[in-house]
Amino acid sequence: MPYGSRLAAVMARRLGRECVYTPSARLALYLALRHWCRPGARVLMSPVTDDVILFVVLAAGLRPVQAPVSVWDGNIDPAAVPESAWRNVDAVLTSNLYGVPDRVVELRRRCAELGIPLFEDAAHAIGSHVDGRPVGTFGTAAAFSLSKHVAGMAGGFLAVDDARTRREVERLRDELLVPRRLGGDLATTLRPLARSSVRGLNLVRPVWRTMERLGMLERDAYRMALEAPRLADCARRAPSLEAYEPWVRVDLHGFRSRHGALVRGQLALRMARLDADLDRRRIGVSLLSGTSWAAPPLRARPADGVPLPLFRVPLLVEDRDALLHRLVGHGLVCGYVYDPPLDDYAGAEFAEPSPDPSAARWFASHTLPADPLLARKVINALTKEQAAAARPALPAPLPDSAPPRPPAG
């Protein structure tokens with residue numbers, strides 16, 4: 001029986017697609033890029049996403065091409081991508097940032113016209129839907145994470161269309177897995193319990209401050225250190241996961257460690273509670289979407305009346321950085337901040353710049369990712385801090401002879 005096949009079968013039933021179990025979403029994405037893309041291929045992607053994703057693309061021997069994004073959610077704005085860019089990319093990678101779906105119907109149409117693969121990064125969007133279909137069922141392949149919605153701190157899936165492709169990807173996965181260690185399995189199993197205990201005992205603030213003082217956080221800022229000379233040297237070895245592992249492993253050192261029965265059993269129990277988790281998230285999303293800090297598209301009532309079960313709700317606030325620091329005093333550590341955009345962070349040597357970076361820069365610098373499971377606590381803290389809602393300066397209206405231009409996104 002293939003490794004992780006029972007967990008994969010559970011996910012396959014949710015999606016209606018063949019699924020491959022992986023130790024992490026980042027490994028799942030790497031498998032997709034290696035399977036479908038030749039070295040040197042150009043991948044269109046949002047610059048507002050985890051820097052780990054940039055390094056996964058580089059590790060696969062590919063060229064990241066940064067796309068214009070919606071100023072409201074940081075996802076690719078297909079209409080703003082120049083035709084010249086569409087003609088010169090070999091694949092598209094979505095983000096579904098914080099669980100807000102990409103404009104995947106349009107992206108799928110463009111990819112079909114061009115004959116290129118569409119990859120869905122669904123790490124934040126395991127419960128999100130578009131037109132009644134789950135995110136992860138639109139693309140050539142989709143990568144999911146269990147360390148997000150079910151807080152498993154490990155585990156992922158790659159969803160594909162057919163059994164033959166699944167078997168091919170499983171063989172590549174097995175080549176890349178490293179042997180498990182009992183200590184690693186124990187740490188992976190206990191980490192979610194420890195995190196829950198810290199929150200339950202209201203120890204978030206002292207624990208976080210202590211970790212900062214002891215240098216136990218792998219990132220000194222929102223982005224990890226780029227180490228450009230060392231990174232440039234790795235390009236000669238790409239595609240190579242080993243060459244880029246110092247960057248790809250940040251925050252998840254066991255991203256390609258084979259999990260034993262202990263970890264897989266815990267993940268099975270957590271997956272059984274996934275629907276209950278999604279229901280709780282919808283309640284929190286409804287509360288946060290009704291605040292002045294939520295972007296107008298989020299504040300609009302969903303067509304079916306059911307809020308998306310977002311991983312984080314992107315609130316737009318002024319003086320975001322100082323506000324995040326003060327929220328630690330309220331017992332709130334808001335991670336998953338992707339600032340600056342990847343083209344500003346990595347430079348043209350490692351990422352082709354966006355033709356219009358303004359929306360990405362504004363969104364990245366004003367977004368406060370709020371956990372919907374802590375919605376009331378977040379609202380109370382922002383109210384006490386008198387947080388000011390931020391709104392971008394949208395383009396001026398066109399003359400009366402032309403129809404009004406809608407805002408990006």
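Reader: What makes the 87 residues here a nonpolar core, and which of them touch the most other members?

Author: They're called a core because a nonpolar core is a set of buried Ala, Val, Leu, Ile, Met, Phe, Trp, Tyr and Cys residues joined through side-chain atoms within 4.5 Å. Buried means under 20% relative accessible area, with over 50% being exposed and anything in between partly exposed (1.4 Å probe, protein chains only). In the largest such core, F55, V92, F144, F157, L158 and Y244 touch the most other members. Helix α3 (residues 51-59) gives the most to this core, eight residues. A second, separate core has 24 residues, including V285, V313, L323 and A370.

This is a predicted model, where local features need pLDDT of at least 70 and side-chain atom pairs count only at pLDDT 80 or more, while totals for chains, interfaces and linings use all residues. Residues are numbered from 1 along each chain as its sequence is written, and side-chain values use heavy atoms, leaving out hydrogens and water.

Reader: What does F157 touch?

Author: Leaving aside residues up to four places away in sequence, its contacts (heavy atoms within 4.5 Å) include L7, M11, Y21, F144 and M271.

Reader: Why are β1 and β3 called edge strands?

Author: Each of them pairs on one side only. Helices (H or I, at least four residues) and strands (E, at least two) are DSSP runs numbered from the N terminus, and two strands pair if DSSP finds at least two bridges between them. The open sheet has seven strands in the order β1-β9-β8-β5-β4-β2-β3, with mixed pairing.

Reader: How do you know that β2 and β3 pair?

Author: Four bridges join β2 (residues 42-45) to β3 (residues 63-66), so the requirement of at least two is met. These strands run parallel; L44 stands opposite V65, and V43 opposite P64. On β4 (residues 91-93), β2 has another parallel partner, over three bridges, and M45 is matched there with L93.

Reader: What makes β2, α3 and β3 a unit of a particular hand?

Author: They form a right-handed β-α-β unit. With the strands pointing away from the viewer, right-handed means that the path from the first strand over the helix to the second runs clockwise.

Reader: How do you know on which side of α14 the buried residues sit?

Author: In α14 (residues 320-327), the buried ones are R320, L323, L324 and L327. They cover an arc of only 100 degrees around the axis (using directions from the helix axis to the C-beta atoms), so they're on the same side of α14. Their cover includes α16 (358-366), β11 (367-370) and α17 (375-384).
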